[in-house]
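Please read this report with the sequence and the structure at hand. The text goes through a few kinds of features in turn.

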Number of protein chains: 2
Amino acid sequence: MTSPSELNLIALRDFPLVKPQDDLAALITDSLAQSNLALADGDIVVLAQKIVSKAEGRQVKLSSVTPSAKAEDLAKSTDKDPRLVELILQESNEVVRTKGPVLIVEHRLGFVMANAGIDQSNITHGDENDSALLLPLDPDGSAKALRQSLEATHGKKIAVVINDSVGRAWRMGTVGLAIGTAGIDPLWDRRGDKDLFDRTLEITEVGLADEISAAASLLMGQGDEGTPVVIVRGVDYRSSDGGIAPVLRDKEFDLFR
Amino acid sequence: MTSPSELNLIALRDFPLVKPQDDLAALITDSLAQSNLALADGDIVVLAQKIVSKAEGRQVKLSSVTPSAKAEDLAKSTDKDPRLVELILQESNEVVRTKGPVLIVEHRLGFVMANAGIDQSNITHGDENDSALLLPLDPDGSAKALRQSLEATHGKKIAVVINDSVGRAWRMGTVGLAIGTAGIDPLWDRRGDKDLFDRTLEITEVGLADEISAAASLLMGQGDEGTPVVIVRGVDYRSSDGGIAPVLRDKEFDLFR
């Protein structure tokens, strides 16, 4: 695998607002047609986590949540709604760090992120202040289903990446990161590759799916401008059915917990 | 500012090997001409840190380095060359974490990164095993000078970003991150922006320069294939002379130190 020389990223414009039980593959197909675009072999379809969560009915009415004692405590120290904290705890394996309003957890999927990636903005409910949007149950599974459907419809070999905007420990600003993948190895393993002087490259793995996610994020805004789907064209990648798992660092090598 | 609908990233092919005191702006201008490309207003020129460091003579022969006692100790525990560890310490404000072979520091520029970003591969010395490449002294300054030179030569209003491939605490694989900028606000401040339902957006700042850096990194490989310069076209950004500083998180809000 070598680096390509040109990349094109195309956002599907005016993507419709997604509702529970919407068929995302069908919406993508319609949107491609409206934009006069056709999928090509090797394309990577990147979807914002929010529309996958919405289609899968991952909104929860806060009024349906009963906070545990632990949630009440954490809610006091973080100055958050205890029902939201209860959801965060339900979606987490453990609390990693908390200070002031910040609550960083290991999400049940293994990702270390603030608030278990739960989002309260941009929800399609009557009472906007009363719902939270959780991450999909199984982003890899969602990506796989979408890939199968799109490949069957369009007859092209593609990959699917689901991204999310996530904060970082030492840097301001969110960046797009991959939370689920299908049909693409999320890491570019360069172990054994040589540089121009035949020395073994020092960096052995490139976070390919994360870089693709960050690139697509440039076009997504926050998924609130009708551009939650981006086609990435020109990346040379290895196919894989292993999902996002290779990206999660073993706790054993995690120096910050 | 709104999200655009299309992005194009173009790598300058067959970029020459960079040597100390090379004029990078001149090399870029030549390369653009060879590729039949012209800079356009709004373009972002992304350069791999390695070529900036090389042009600025930031290689150090390890044989010229005398390790301190502290370096010798750390070298034992990390199983690294003590002369390399001495350089890492010289380039750092403090050691943040070390375990086994891993040595994470706060670089003198403020970035938290492994080995102070010092790289040993792909060095243009007779004895390849004897040199290390440090980060530029002042990446923002380097970006600014490049920007001024390119704008003067090409008569277009552009931005410059210097990126580097960096590992992460909880995820495998490196991603491109910005270490210096000129002519672009590295953060997209969306404070006060509303979503489709007129609710204030939850995410207030997007790491724009970092996402641009990650996207460009997709085309750079490791800067060892002759593609260490990428033109990013189509990003809507705010101009700024503040450099990369806004991206560095205040230690006060750093939960992991």
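Over all chains, the structure holds 22 salt bridges. The model is a predicted one, and every value below is computed from it.

**Salt bridges**

Three of these pairs are described here, beginning with one inside chain A. Glu91(A) forms a salt bridge with Arg58(A), and their closest N and O atoms are 3.3 Å apart. This pair links distant parts of the chain, with the two positions 33 residues apart in numbering. Glu91(A) sits in the loop between helix 4 and strand 4 (92–99) of chain A, while Arg58(A) sits in the loop between helix 2 (49–55) and strand 3 (59–61) of chain A. Glu91(A) is buried, because its relative accessible area of 7% falls under the 20% cut-off. Arg58(A) is buried too, with a relative accessible area of 13%. The pair is also part of a network of salt bridges, in which Arg58(A), Glu91(A) and Arg108(A) are linked.

A second pair lies within one helix. Arg147(A) and Glu151(A) form a salt bridge with the closest N and O atoms 3.4 Å apart. Both residues belong to helix 5 (residues 139–154) of chain A, and they are four residues apart, about one turn of the helix. Is each partner buried or partly exposed? Arg147(A) is buried, with a relative accessible area of 12%. Glu151(A) is partly exposed, with a value of 22%.

The third pair joins Asp210(B) and Arg168(A), whose side chains meet in a salt bridge at 2.6 Å, N to O. This pair crosses between chains: Asp210(B) is in helix 6 (residues 208–220) of chain B, and Arg168(A) is in the loop between strand 8 (159–166) and strand 9 (175–182) of chain A. Asp210(B) is buried, with a relative accessible area of 2%. Arg168(A) is buried as well, with 17%.

The table collects the three pairs.

| Pair | Closest N and O atoms | Relative accessible area |
|---|---|---|
| Glu91(A) and Arg58(A) | 3.3 Å | Glu91(A) 7%, Arg58(A) 13% |
| Arg147(A) and Glu151(A) | 3.4 Å | Arg147(A) 12%, Glu151(A) 22% |
| Asp210(B) and Arg168(A) | 2.6 Å | Asp210(B) 2%, Arg168(A) 17% |

**Nonpolar core**

In soluble globular proteins, nonpolar side chains tend to be buried together. The largest nonpolar core in this model has 114 residues. Those with the most contacts inside it come from both chains: Ile28(A), Ile44(A) and Leu47(A), together with Ile28(B), Ile44(B), Val45(B) and Leu47(B). What is Ile44(B) in contact with, leaving aside its neighbours within four places in sequence? Its contacts are Ala159(B), Val161(B), Ile184(B), Ile212(B), Val230(B), Ile231(B), Val232(B), Val235(B) and Tyr237(B).

**Strand pairing**

Strand 1 of chain A is paired with a strand of chain B and with a strand of its own chain. Five bridges join strand 1 (residues 6–11) of chain A to strand 1 (residues 6–11) of chain B, and the two run antiparallel. Across this pairing, Leu9(A) has Leu7(B) as its bridge partner. Four bridges join strand 1 of chain A to strand 12 (residues 229–233) of chain A, again antiparallel. There, Ala11(A) has Val230(A) as its bridge partner.

In chain B, three strands form an open sheet in the order 4-5-6, with antiparallel pairing. Strand 4 (92–99) and strand 6 (112–114) of chain B stand at the edges; each has a single partner strand, so one side of each is left without a neighbour in the sheet. From one strand to the next, the twist averages 30°. Three bridges join strand 5 (residues 102–107) of chain B to strand 6 of chain B, and among the residues involved, Val105(B) has Met113(B) as its bridge partner. Helix 4 (residues 82–90) of chain B packs on this sheet and touches strand 4 and strand 5 of chain B. The direction of helix 4 makes about 125° with that of strand 4 of chain B.

**Positive phi angles**

Two residues that are not glycine have a positive phi. Asp79(A), with a phi of about 55°, lies in the loop between helix 3 (69–78) and helix 4 (82–90) of chain A. Gln21(B), with a phi near 75°, lies in the loop between strand 1 and helix 1 (24–34) of chain B. Asp79(A) is exposed, with a relative accessible area of 72%, and Gln21(B) is exposed, with 76%.

Key
Residues numbered from 1 in each chain as written. Chains lettered and ligands numbered in written order. Predicted model: local features only at pLDDT ≥ 70, side-chain atom pairs only at ≥ 80, totals over all residues. Heavy atoms only, no water. Core = buried A, V, L, I, M, F, W, Y, C linked by side-chain atoms within 4.5 Å. Buried < 20%, exposed > 50% of the residue type's maximum accessible area, 1.4 Å probe, protein only. Contact = heavy atoms within 4.5 Å. Pairing = 2+ DSSP bridges. Salt bridge = Lys/Arg side-chain N within 4 Å of Asp/Glu carboxyl O. Axes fitted to C-alpha atoms, helices over the stretch in contact; angles between N-to-C directions.
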